[in-house]
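These are my notebook entries on a structure I looked through element by element. I set down confidence, burial, contacts and charged pairs as I looked them up.

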Amino acid sequence: MAMDVNVQSTRTRQEKTIVARPTVHSSGIDPTLHRAERVSAGLWRDAARRLSRDRAAVAGLVVVAALVVVALLAPAIVPYDPIDQSFRIKLQAPSTEHLLGTDEFGRDVLSRILVGTRVALGVGIVPVAIALVIGVTLGLIAGYFGGGVDQVVMRVIDVLLAFPWLLLAIGIMAILGPGIQNVVIAVAIVYIPAFARIVRGSVLSIKEKEYVEAARAMGQPNTRIIVRHVLANAWAPIIVLATLSIGQAIIYAAGLSFIGLGTQPPDADWGVMLTSGREFLRDAPWLGFFPGLAILITVLAFNLFGDGLRDALDPRLR
Amino acid sequence: MTRYVTRRLLLAIPVLLGIMTAVFLMIQLIPGDPATAMAGDKGSVEQVARIREELGLNRPLPVQYAYFLKSAFTLNFGDSIRTNQPVAGELRQFFGATIELSLAALVIALVIGIPAGVIAATHRASALDYGTMIVALVGISTPVFWAGIVLIYILSFRLGLFPISGIIGTGIRLDRITDAYVLDSVLTGNWLAFRSSVHHLILPAFVLSTIPMAIIARMTRSSMLEVLGQDYLRTARAKGLEDRLVVIRHALKNALIPIVTAIGLQFGSLISGAFLTETVFGRPGLGRYVVQAIGARDYPAIQGTVLVVAVGFVLINLLVDVAYAAIDPRIHYA
């Protein structure tokens, strides 16, 4: 079993610790429909209550919400034009005029970080969303139908997992070429195996449950069973994995930008800003410090929330 | 046990073939003609023709695949566009340095991560526990390349404690055997080179160790908490064993098994992290090699590195799995 953290290793750790917790779930034919729905809603309500008591998780959520607001309002709240160059004021230390200093082209670092929030959230959320859709679909199909389909899907997943994440991303980017869209695609592919495996695992246990058997006996079509009964009961670990993956995806994307594969200048991107920060480290340490700090705060916020979510959805793991 | 090892070996074959196929497809999928891509922008007409011949590009695809497999097994990845040297030779030269950096980081992660996790677990819900876990979470959330930049600034530029970049002091002669600098200086008994290469290794290895260290600390804590609640530990305490002995001999020993798995899972991220760390610290190694190759659209070098590292990664995991089967008597592998 070969896997990789930060990328892959956390992935697996998550797969191990997040266990599907099927609940009695409503089916169209269930005579206890009303009660079943209450139980299901209860799981989420309980989780929400536990989550709201977890101060660290709430703090994470507040920071994430603040980042979303900043990303949405960035063009309106930046003090300066983030790509406006002015060599007269290049490499200025933080001051009241430029709170976080200026870069080697005289651009305002704070403005670039604020605008970069959009890219950062985008490269965190979009690849994970893509990976979730594709991975969950593959996992459902593999787990539910088993046999040859399962074999093919899982062998492809095994091969994807055989590449350390950066190598896989580099290989994909060698084909697609540099650029932020391609970073999104590469990071999405890196995450597909994690979702596929966790969903397949859940499906394997859920499909043996009586309510699935009952639905099948009633002659319900496979797609309906998968969506209404199997998927509905496999959501908890998927959501936790997604939340914890977003922070990591931001780090991966920044890493790809850092080695020159991501956002192309002059657009503002925290990873790219770190690259020039490294070049001017001796004379202008703020150039590299602040964008990295922004990454750390963002990733930490997602991780705090994700950890809290995991504890809330599965209290046994506390 | 033998049966398990054999089965595990057989299972690795389709994965290895899958890797080969993926890398083969990678070159096929690059927009434009593979031979032109492999020869680079400055490649001559003759070079393109020779590469076309070597790759069998005027043959049907399955034959091309066979050609590719043959060159992969003979480690013939062609010449680097950037340096004009055979890629296989360059990979061999950089392999040792990257492995040395990764292993050093793993050792640091274990030496700090395991005790930190044990302390957090034995002082559950105390300030010590919360503090350790907050540090661990920050560790997981910190990009290695940023940690590198910050530490270089503080420890190297400001305090002058460590060299700013490189792998060994300039002007120090070292006979290369394995191309792992610290190991080579030990093998040749060159103490000057040893001191210098260790000095150059400490900071990058520490930076690279932060994420695995944090993960190992978290794993150790939760694994220890699980074990500490077991009956046999109460028995051990009840029979009057010293607390420290109970924790180390009875609890940690059993808690270690999931930790060993976690360590096995760290290799992939270690290698990825090592690539970024080498870039930050300007250390020669596979990572810096492939990053430079990307900048130069040096496809033979990218292809060779991806293939060699992925295969190496599968083999390392194979070893970990086998070692795991050997140390854990409770699990029977069918």
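**Entry 1. Helix 12 of chain B**

I fixed the term before counting: a residue is buried if its relative accessible area is under 20%. The model is a predicted one, and I read every value below in that light. With that cut-off I asked how many residues of helix 12 (residues 286-295) of chain B are buried. I found 7 of its 10 residues buried, and I recorded the helix as mostly covered. I listed them as B:Leu286, B:Gly287, B:Tyr289, B:Val290, B:Val291, B:Ala293 and B:Ile294. I then looked at what follows helix 12 of chain B and noted B:Arg297, which has a positive phi, near 50 degrees.

**Entry 2. Confidence in chain A**

I looked up the mean pLDDT of chain A and wrote down 84, with 86% of the residues scoring at least 70. Where in chain A is confidence lowest, and where highest? I found the lowest mean, 39, in helix 1 (residues 8-17) of chain A, and the highest, 95, in helix 4 (residues 109-145) of chain A. I also marked residues 1-38 of chain A, over which pLDDT stays under 50. For that stretch I noted that the model has 118 contacts beyond four places in sequence.

**Entry 3. The interface of chain A and chain B**

I turned to the contact between the chains and counted 50 residues from chain A and 55 residues from chain B. I recorded a buried area of about 4400 Å² between chain A and chain B, with carbon and sulfur atoms giving 76% of it. How many salt bridges does the rule find across this interface? I found 1 salt bridge between chain A and chain B. I noted a salt bridge between the side chains of A:Asp307 and B:Arg218, at 3.1 Å, N to O.

**Entry 4. A:Ala254**

I located A:Ala254 in helix 10 (residues 235-258) of chain A. Is A:Ala254 buried or exposed? I put A:Ala254 down as buried because its relative accessibility is 6%. Leaving aside neighbours within four places in sequence, I found A:Ala254 in contact with A:Gly271, A:Ile295 and B:Phe145. I also took the C-alpha to C-alpha distance from A:Ala254 to A:Arg282: the two are 28 residues apart in sequence and 22 Å apart in space.

**Entry 5. A:Leu168**

I placed A:Leu168 in helix 6 (residues 165-176) of chain A. I classed A:Leu168 as buried, since its relative accessible area is 9%. Which residues does A:Leu168 contact, its neighbours within four places in sequence left aside? I listed A:Leu160, A:Phe163, A:Ile189 and A:Val190. I then checked A:Leu168 against A:Ala186, 18 residues apart along the chain, and noted 7.7 Å between their C-alpha atoms.

**Entry 6. A nonpolar patch**

I looked for nonpolar side chains on the surface and recorded a patch formed by A:Val68, A:Val69, A:Leu72, A:Leu73 and A:Ile77. I noted about 430 Å² of accessible area for these residues together. I found A:Ile77 in helix 3 (residues 55-77) of chain A. I entered A:Ile77 as partly exposed because its relative accessibility is 43%.

**Entry 7. Salt bridges**

I took the count over all chains and obtained 12 salt bridges. I looked at A:Arg200 and A:Asp150, whose closest N and O atoms are 2.7 Å apart in a salt bridge. I noted that this pair links distant parts of the chain, with A:Arg200 in helix 7 (residues 180-206) of chain A and A:Asp150 in helix 5 (residues 147-161) of chain A, 50 residues apart. I found A:Arg200 partly exposed at 21% relative accessible area, whereas A:Asp150 is buried at 10%.

I next examined A:Asp158 and A:Arg155, whose side chains meet in a salt bridge at 3.0 Å, N to O. I saw that both lie in helix 5 of chain A, 3 residues apart, about one turn of the helix. An α-helix has 3.6 residues a turn, so residues three or four places apart point the same way. I recorded A:Asp158 as partly exposed at 21% relative accessibility and A:Arg155 as partly exposed at 35%.

In chain B, I noted a salt bridge between the side chains of B:Arg173 and B:Asp175, at 3.4 Å, N to O. I marked B:Arg173 as exposed at 66% relative accessible area and B:Asp175 as partly exposed at 44%. I closed with the network in which salt bridges that share partners join A:Asp103, A:Arg107 and A:Arg112.

Key
Residues are numbered from 1 along each chain as its sequence is written. Chains are lettered from A and ligands numbered from 1 in the order in which they are written. This is a predicted model: local features need pLDDT of at least 70, side-chain atom pairs count only at pLDDT 80 or more; totals for chains, interfaces and linings use all residues. Side-chain values use heavy atoms; hydrogens and water are left out. pLDDT is the predictor's confidence in each residue, from 0 to 100. Helices (H or I, at least four residues) and strands (E, at least two) are DSSP runs, numbered from the N terminus. Contact means heavy atoms within 4.5 Å. Buried means under 20% relative accessible area, exposed over 50%, partly exposed in between (1.4 Å probe, protein chains only). Patches are made of residues with over 30% relative accessible area and no salt bridge: like charges are joined within 9 Å, nonpolar side chains (Val, Leu, Ile, Met, Phe, Trp, Tyr) within 5 Å. Accessible areas come from the Shrake-Rupley method with a 1.4 Å probe; for residues, only the protein chains shown count as cover. A salt bridge is a side-chain nitrogen of Lys or Arg within 4 Å of a carboxyl oxygen of Asp or Glu. Buried area is the accessible area (1.4 Å probe) that two parts lose on being put together, summed over both.
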